[in-house]
Amino acid sequence: YREIELLTNLKVVVSLGRIAFEQMVDYYHLSPKPPFHHGKGYQVSDGSKLLIASYHPSRQNTQTGRLTEQMFDLIWNRAKSWLEGEKFESG
C-alpha cells in the first residue's frame, strides 16, 4: 500500500476485478463492506476519493462479453466526470 500513500493527489481508484476491489475496500476501511458490482462507485475517506469497481479486462471477460468495450469506456468516463466535479451516480 506504500504506492497508494505516495500518490498524494489521488482522487479516483478504478479497481480492475473483484480481488483488487476487495483489497481497496480493506485499505480504505469501508464499513459495512460494499459488494462488488461492475460500475458501482463508493466515496471513501472524507469524500475526496472515489473507488469504482470494474470487471478485470481479461480475455475471459472480454471474449465472453461479460465486459464489453462500451462497459469499460463507461468506467473511465465516470471517473473523468467525477474528477471534473460531477456528482457520481453509481450503477
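**Figure 1. The end of helix 2 and its buried side in the predicted model.** Directly following helix 2, His 29 adopts a positive phi of about 55 degrees. Within the helix itself, which spans residues 18-27, the buried positions are Phe 21, Met 24, Val 25 and Tyr 27. These residues lie on the same side of helix 2, because they cover an arc of only 160 degrees around the axis. An α-helix has 3.6 residues a turn, so residues three or four places apart point the same way. The cover over the buried residues of helix 2 includes helix 1 (2-6) and strand 1 (12-16), together with strand 2 (41-44) and strand 3 (49-54).

**Figure 2. Phe 21 and the largest nonpolar core.** This core holds 16 residues, and those touching the most other members are Ile 4, Val 13, Phe 21, Met 24, Tyr 28, Leu 30 and Leu 51. Two or more residues are given to the core by each of helix 2, strand 2 and strand 3, and the largest share, four residues, comes from helix 2. When neighbours within four places in sequence are left aside, Phe 21 is in contact with Ser 15, Pro 34, Pro 35, Phe 36, Tyr 42, Leu 51 and Ala 53. Another core, of seven residues, lies apart from the largest one and has Val 14, Ile 52, Ala 79 and Trp 82 among its members.

**Figure 3. The open sheet and the helix that packs on it.** Three strands, in the order 1-3-2, make up an open sheet with mixed pairing. Strand 1 and strand 2 are the edge strands, each of them pairing on one side only, and neighbouring strands are turned against each other by 25 degrees on average, direction ignored. Strand 2 and strand 3 run antiparallel and are joined by four bridges, with Tyr 42 standing opposite Leu 51 in strand 3. Helix 4 (residues 69-83) packs on the sheet, where it touches strand 1, strand 2 and strand 3, and its direction makes about 165 degrees with that of strand 1.

**Figure 4. The surroundings of Lys 49 in strand 3.** Lys 49 belongs to strand 3 and counts as buried, because its relative accessibility is 19% and the cut-off for a buried residue is under 20%. Not counting residues up to four places away in sequence, Lys 49 touches Leu 10, Lys 11, Tyr 28, Tyr 42, Gln 43, Val 44 and Trp 82.

**Figure 5. The two faces of helix 4 and the residue just after the helix.** With 15 residues, helix 4 reaches 21 Å from its first C-alpha to its last, close to the 21 Å expected at 1.5 Å a residue. The buried residues of helix 4 are Ile 75, Arg 78, Ala 79 and Trp 82, and they fall on the same side of helix 4 because they cover an arc of only 95 degrees around the axis. These buried residues pack against strand 1, strand 2 and strand 3, whereas the face turned away from the buried side carries the exposed residues Glu 69, Gln 70 and Leu 83. Trp 82, located in helix 4, is buried with a relative accessible area of 12%. From C-alpha to C-alpha, Trp 82 and Gln 23 are 22 Å apart in space, and they are 59 residues apart in sequence. Just after helix 4, Gly 85 takes a positive phi of about 100 degrees.

How values were computed. Residues are numbered from 1 along each chain as its sequence is written. This is a predicted model: local features need pLDDT of at least 70, side-chain atom pairs count only at pLDDT 80 or more; totals for chains, interfaces and linings use all residues. Side-chain values use heavy atoms; hydrogens and water are left out. Buried means under 20% relative accessible area, exposed over 50%, partly exposed in between (1.4 Å probe, protein chains only). The arc is that of the directions from the helix axis to the C-beta atoms. Contact means heavy atoms within 4.5 Å. Two strands pair if DSSP finds at least two bridges between them. Axes are lines fitted to C-alpha atoms, for helices over the stretch in contact, and angles run from 0 to 180 degrees between N-to-C directions. The expected span of a helix is 1.5 Å times one less than its number of residues. A nonpolar core is a set of buried Ala, Val, Leu, Ile, Met, Phe, Trp, Tyr and Cys residues joined through side-chain atoms within 4.5 Å.
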